[in-house]
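Me: I should like to learn how to read a structure such as this one. May we take the features one at a time, beginning with a single residue and its surroundings?

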Amino acid sequence: MSGMDWTPDEMMTVTAARLLWDKAVCFVGIGLPSAAANLARQSHAPDIVLIYESGTIGTRPNVLPLSIGDGELADTAVCVVPLPEIFSYWLQSGRIDVGFLGAAQIDRYGNLNSTVVGRYDAPKTRLPGAGGAPEIATHAKQVFVVIKQSPRSFVAHLDFISSAGFLAGDGERSRRRAPGRGPQAIISDYGVLKPDPVTDEFVLVARYEHVTTESAIAACGWPLKTSEFVEVIAPPTAQELLALRELHARTKAAHAAAVKLPI
Amino acid sequence: MPLMTLRDAIRDHVHDGETVALEGFTHLIPFAAGQEIIRQRRQNLHLVRMTPDLIYDQMVGAGCANRLTFSWGGNPGVGSAHRVREAIEKGWPTPLEIHEHSHAGMAAAYVAGASRLPFGVLRGYFGTDLPEVNPQIRSIQCPYTGEQLTTVPAMNPDVTILHAQKADGEGNVLLSGIIGAQKEAALAARKLIITVEEIVERLDTPMNGVVLPAWVVTAVACVPGGAWPSYARGYYSRDNAFYIAWDDISRDRARFLQWLDRYVYSTVDHAQCVQTLRADGYDL
């Protein structure tokens, strides 16, 4: 990794941002998805429409929100709608091009676990839960998942399905008539995985310059298949890095600022 | 005229064993009211909230609840809600029965509750394991198309508690900004308690602004800063630094109990809680 002047996190965020296009209507989760979506908006996709489940539509935050409902998201939105409305009129109605999610764990068919590791009624690790993700994963026309890769996060078997990907694969999702097409890309800190059009199993199609295909396979809890030719993803450009670092610097300063209560 | 102190409102209207929803999606979370419930040592509550957030982390950790209905239970952008997590994983300080949903499912349950319908309907929970662990998530066949649709039972709390920007002298309440499912949770409840930043002469509400008229409000209490560490748009912003600091405060039982003792049990009200925080050097 010597000579690299960016971090694996930055590479992952930049790669996720590049998958988004201008004017896409994007339903964004907090954390890495939010960073990537805002990087896209501040670089190649200025007119991307960002929607957060707190009801903020067309928001253009200058700093990344810590929570899904920071004031910055409301103050810079085209409009703010109630929660029952965001999930029914905007998501369930099929108006979302891309659902952008994270998770604690993922399996080879892009199913997500953000609920529990171990048994539900006797958890080894209780995670926060599904939130808005189950319906985002169902109704967005397609879903991108940003998640760091390790044998603990890319698992052969999920203890709990919080949000559906392709379920058991081989066309089960479309047979069960899910409205959206499901997960179409996983962006990890090793590269990009895409689903096989027949089996629905995710395969490594691209890797970063600083990792090997073998290391990506080793960091996966199922026997990861690769496409015949694994592309090498171009490193972040100077502009991408600058935009991302400025965004993070503004965010850090904003989140550390003291709040003044009017009492 | 429903104007009263928060202490009296909780004393008169929140009782052990009731189903209580303190709503507010990241914005306008009624923290002062939650802490007053802790102060008055309510027990065996069924707490309902889409995002338990730090407010239920405090209430669950203080032993106020034995049941929790929710859809996302972390510290937003930070990590775990450690007190909720320990109650679920280890039954401390008391075992906590959970009824878990997705956000869309809970929103539908509040809408049904406000409409006094028996259930909400959605295309939800597709392919997830949630219906297996929450038998309240069921399905129904559409009488028009034959499609199987998901249902959730209506949520009708005994008491819903909100925080809002302002009320007028008659007790009409105005909310603005991110309003989550507050209006639905308010109208679904038998009783409605609202804390506000200020009481004004006139609300001067824009025509379609979100107003809860005085006659649906059981009690209004003026509690400036009552949403801290969440926020009240137009008054103060979210204290993200405190949300980050809570990760350490709440991780350890003893440290959490110490915090609770100093800032909740040893203070008489929210104003004194804020004074104590300031006296201890917290920039607020």
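Reply: We may begin with Asn156(B). A contact means heavy atoms within 4.5 Å. Setting aside neighbours within four places in sequence, Asn156(B) is in contact with Gly113(B), Arg116(B) and Ala188(B). Before continuing, note that this is a predicted model, in which local features need pLDDT of at least 70 and side-chain atom pairs count only at pLDDT 80 or more, while totals for chains, interfaces and linings use all residues. Residues are numbered from 1 along each chain as its sequence is written, chains are lettered from A and ligands numbered from 1 in the order in which they are written, and side-chain values use heavy atoms, with hydrogens and water left out.

Me: Where does Asn156(B) lie with respect to the strands of chain B?

Reply: Helices (H or I, at least four residues) and strands (E, at least two) are DSSP runs, numbered from the N terminus. Asn156(B) belongs to the loop between strand 9 (148-153) and strand 10 (159-168) of chain B. A distance along the chain may also be set beside one in space: Asn156(B) and Leu6(B) are 150 residues apart along the chain, and their C-alpha atoms are separated by 22 Å.

Me: How is Asn156(B) classed by relative accessibility?

Reply: Buried means under 20% relative accessible area, exposed means over 50%, and partly exposed lies in between (1.4 Å probe, protein chains only). Asn156(B) has 35% relative accessibility and therefore counts as partly exposed.

Me: What should one look for in the backbone angles?

Reply: Most residues other than glycine have a negative phi, and most peptide bonds are trans. Arg116(B), one of the contacts of Asn156(B), has a positive phi of about 55° although it is not a glycine. Arg116(B) sits in the loop between helix 5 (103-115) and strand 7 (119-122) of chain B. Thr26(B), also not a glycine, has a positive phi of about 70°. The loop that holds Thr26(B) runs between strand 1 (19-22) and helix 2 (31-39) of chain B, and Thr26(B) is buried, with a relative accessible area of 3%.

Me: Which peptide bond leading to Pro93(B) is cis, and which one leading to Pro229(B)?

Reply: The bond from Trp92(B) to Pro93(B) is cis, with omega near 0°. Pro93(B) is placed in the loop between helix 4 (82-90) and strand 6 (97-100) of chain B. The bond from Trp228(B) to Pro229(B) is likewise cis, with omega near 5°, and Pro229(B) is in the loop between strand 14 (219-222) and helix 8 (240-251) of chain B.

Me: How does one judge the overall form of chain B?

Reply: One begins with its elements: chain B has 10 helices and 14 strands. The radius of gyration, taken over C-alpha atoms, is compared with the globule rule, 2.2 Å times the number of residues to the power 0.38. For chain B the radius is 19 Å, close to the 19 Å that the rule gives for 284 residues, so chain B is as compact as a globular protein of that length. Its C-alpha trace spans about 65 × 50 × 30 Å along the principal axes. Of the 284 residues, 61% count as buried. Among contacts in chain B between residues at least 6 apart in sequence, 73% join residues at least 24 apart.

Me: What does the same reading give for chain A?

Reply: Chain A has eight helices and 14 strands. Its radius of gyration is 18 Å, close to the 18 Å that the globule rule gives for 263 residues, so chain A is as compact as a globular protein of that length. Of those 263 residues, 60% count as buried.

Me: How many residues of helix 2 of chain A are buried?

Reply: Nine of the 11 residues of helix 2 (residues 32-42) are buried, and the helix is mostly covered. Among them are Pro33(A), Asn38(A) and Leu39(A). The buried residues pack against several elements of chain A, including helix 1 (8-18), strand 1 (25-28) and helix 8 (238-256).

Me: How is the meeting of the two chains described?

Reply: Buried area is the accessible area (1.4 Å probe) that two parts lose on being put together, summed over both. Between chain B and chain A it is about 4500 Å², of which carbon and sulfur atoms give 65%. Arg123(B), Phe126(B) and Ile178(B) supply 16% of the area that chain B buries against chain A, more than any other three residues. The contact takes 57 residues from chain B and 49 residues from chain A.
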